[in-house]
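Please examine the model below with its sequence at hand. The discussion moves from individual backbone positions to the nonpolar interior.

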Amino acid sequence: MDGFRIPLGDWVETGLNWLLDNLEGLFTFVSTVIGALVDGLSTALIETPFPATIAIFALIAWLLRSWKLAVGTILSFVFILALDLWTPAMQTLALVIVAAAIAVLIAVPLGIWSARNDRVRATLKPVLDFMQTMPAFVYLIPAIMFFGIGVVPGVVATVIFALPPGVRLTELGIRGVDSETVEAGHAFGATPGQILRGVQLPLALPTIMAGINQLIMLALSMAVIAGMAGADGLGKLVVQGISSMDIALGVEAGLGIVLIAVFLDRCTAALAEPSPSSLFGILERRRQDRRRQEAAEATASAPGLVTA
Amino acid sequence: MSEIALEAHHLYKVFGRSPQHAVKRLKAGETRTDVLDAGTAAVIDASFTVNRGEIFVIMGLSGSGKSTIIRMLNGLHDITDGEVIIGGDDIAKAPPAALREIRRERVSMVFQHFALLPHRTVAANVAYPLELKGVGKTERLRKAEEILSLVGLEGWGDKLPSELSGGMQQRVGIARALAADTDILLMDEAFSALDPLIRREMQEQLVELQAKLQKTIVFITHDLNEAMFLGDRIAVMRDGRIVQIGTPEDILTDPANDYVEQFVQDVDRARVLTAANVMERPRPVVPDTAGPRTALRQMRDSYMSATYVVGRDRQLVGMVTDRDAVKLVRKGESSLASILKPVPQSVDENEVLMNLFIPSVESPLPLAVTDAEGRLTGVIPRVTLLAALGPGPGATGELTLPLNPMPQAVIDEVLAEAQDAVDAASAVATPSADSAEEGR
């Protein structure tokens, strides 16, 4: 074996170089779009007066989960503000939101496709395994090659890393829908599209939402690595903390990430299991009560129909 | 409109690697186990027709292929070989769009585990087939309410399926199938997931609904009692093949083979067989225009202590006893009218045996059976009722009594000759006509 070595890394590098030479337009386009999205969102988050931003976050938490989470959200973000981490925190949030949105847009359709087609499933499975187990840093190298230093390679690496649970749980959810219920859709003459929209997606929604929740959490865990690629935000501060052995900076920035993570996790987990104490739940209950009351009044005013 | 709603010709369904090859070998006479290497044969050479407006039950144990067959009827499983004709179209050859059209307009289905959409309200579930047909929202919800009241669920439209009991959920399932307004209804073990009491109630409700709506129903079940109760005709399946098709009485009284016979052993015959199945020719019967002498003669000839009296058109008008007739003859009257008694018990010919026991005990004569117009169509002696409950084909045939009492005159003669016999002995040996008849 002396001297013999498969130059796999070289081959991959050659391949990537070829891509870089020939698809430069595409990369520039992707880079521009993603860059614009992240910059736009982070500017918007930073430019908006912070009380308004915090109020919006609290309202989201209340709508989706409960007033308790709303209070917790206010406390968390005020704390971040007090640590003087507001700007990097908003930059990280923008990066995570954009990356997660892109990942969802790719993961859900892929999951649906692989649920409906066994061959796609068989092909995707090893690819997803690969994506999930490959150390996340490795994605950064080609991402930086293609898109240069900055926020874009961070987003791209995050998307790749966060994608698998979204695809997997979407597929699992759709395959897990009771086969008799799907048969019922067929038996009444629904088209495949109608079955997907009317039966499979609604019934798989909790599982898909759990997948999206996982996807967002993975995206957030990539924030530090994105910081290595030069993306502004809390991740960059953590990296600085590591390189300069600055414990204070590292702890503060790390804590900021944790607080954002808790906020995002609780909100998106509520998407999977709507909570009765959320504002949506309360409003829905009120509406139902009112409808019931109206129905009761209607039957009371027409007593002859009650016995029918 | 033809009388046949659905035809299945030589249906085969094989799951596995090379279904066509397996079918070829099955057709050549190989058995289900022989072709296992090519695939699992779920349905083998099944042919039947379902008439318009009947409940056709396909019955078999699990693994007999009955659930596969019903899914071939609406194309949920594609057909390996053979054809299913619904309204002139072959399901096997219909392209997807045409198949969807057939499902929307001609065949609907009720599922074992209800298969309701849990995120939709009851009314929206019932309206689902109409939604697929493109009916507008207000119109389809109005229709849904109408159908919900038909199945006894008015006012439940706003609830979610999970808020309903199993029996009610299945009524929603039935309502949904009815909303599709198709002629043919496929019911796949529709009541198997329900409690026995609820099941019974649902079966009765289905029979009621069917009397109103006259749909063509293909009903799958593994419960023979259910099959017997619901089915106008029953197909018994075993190992993918249909082994017998017939009316419930046919299956019960004339099983095609040992398998069916074993199967029907456990059937509660008292709930399946009706009075009409077991009744005998009424004998004696006296027209109300006849005199007491005719009546008395008839009773004597058939060893009966009383007889039914029928009017014009065999309307059952009453009964007379031999004692009363004797008095009348002695008085020299010529009309039965003065001694005519009302019949204490008579039953409709569609009554199941279960409901005949008490009337039979209370009836002094073999139980009178009448048709819808009140005409006397037959009688059921108690022994016949008993014999009908036993297994075996002969049980419901005409019964000949093994021993008829000898004419009293003969017995009297013999006794008179034996002068030395003690009085007590003759009292025991002479059966009165009354007690002999009551024993029947």
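How many other C-beta atoms lie within 10 Å of Asp239(B)? In this predicted model, the count is 17. Burial requires 20 or more such atoms and exposure 12 or fewer, so Asp239(B) is classed as partly exposed. The residue sits in the loop of chain B that links β9 (233–238) to β10 (241–246). Its backbone is also notable in one respect: Asp239(B) has a positive phi of about 50°, although it is not a glycine.

A second aspartate of chain B, Asp313(B), also has a positive phi while not being glycine, here near 65°. Asp313(B) belongs to the loop between β12 (306–310) and β13 (316–321) of chain B. Asp313(B) counts as exposed because it has 8 C-beta neighbours inside 10 Å.

Attention now turns to the interior. In soluble globular proteins, nonpolar side chains tend to be buried together. The largest nonpolar core of the model comprises 122 residues, and Val126(B), Ala175(B) and Val218(B) have the most contacts inside it. The element that gives the most to this core is helix α4 (residues 122–133) of chain B, which supplies eight residues.

The surroundings of Val218(B) can be followed residue by residue. Leaving aside residues up to four places away in sequence, Val218(B) touches Val50(B), Phe56(B), Ile58(B), Ile70(B), Leu73(B), Leu186(B) and Met187(B). Apart from the core of Val218(B) lies another core, of 81 residues, including Ala61(A), Val156(A), Ile212(A) and Ala253(A).

Conventions: Residues numbered from 1 in each chain as written. Chains lettered and ligands numbered in written order. Predicted model: local features only at pLDDT ≥ 70, side-chain atom pairs only at ≥ 80, totals over all residues. Helix = DSSP H or I, 4+ residues; strand = E, 2+ residues; numbered from the N terminus. Core = buried A, V, L, I, M, F, W, Y, C linked by C-beta atoms within 7 Å. Contact = placed C-beta atoms within 7 Å.
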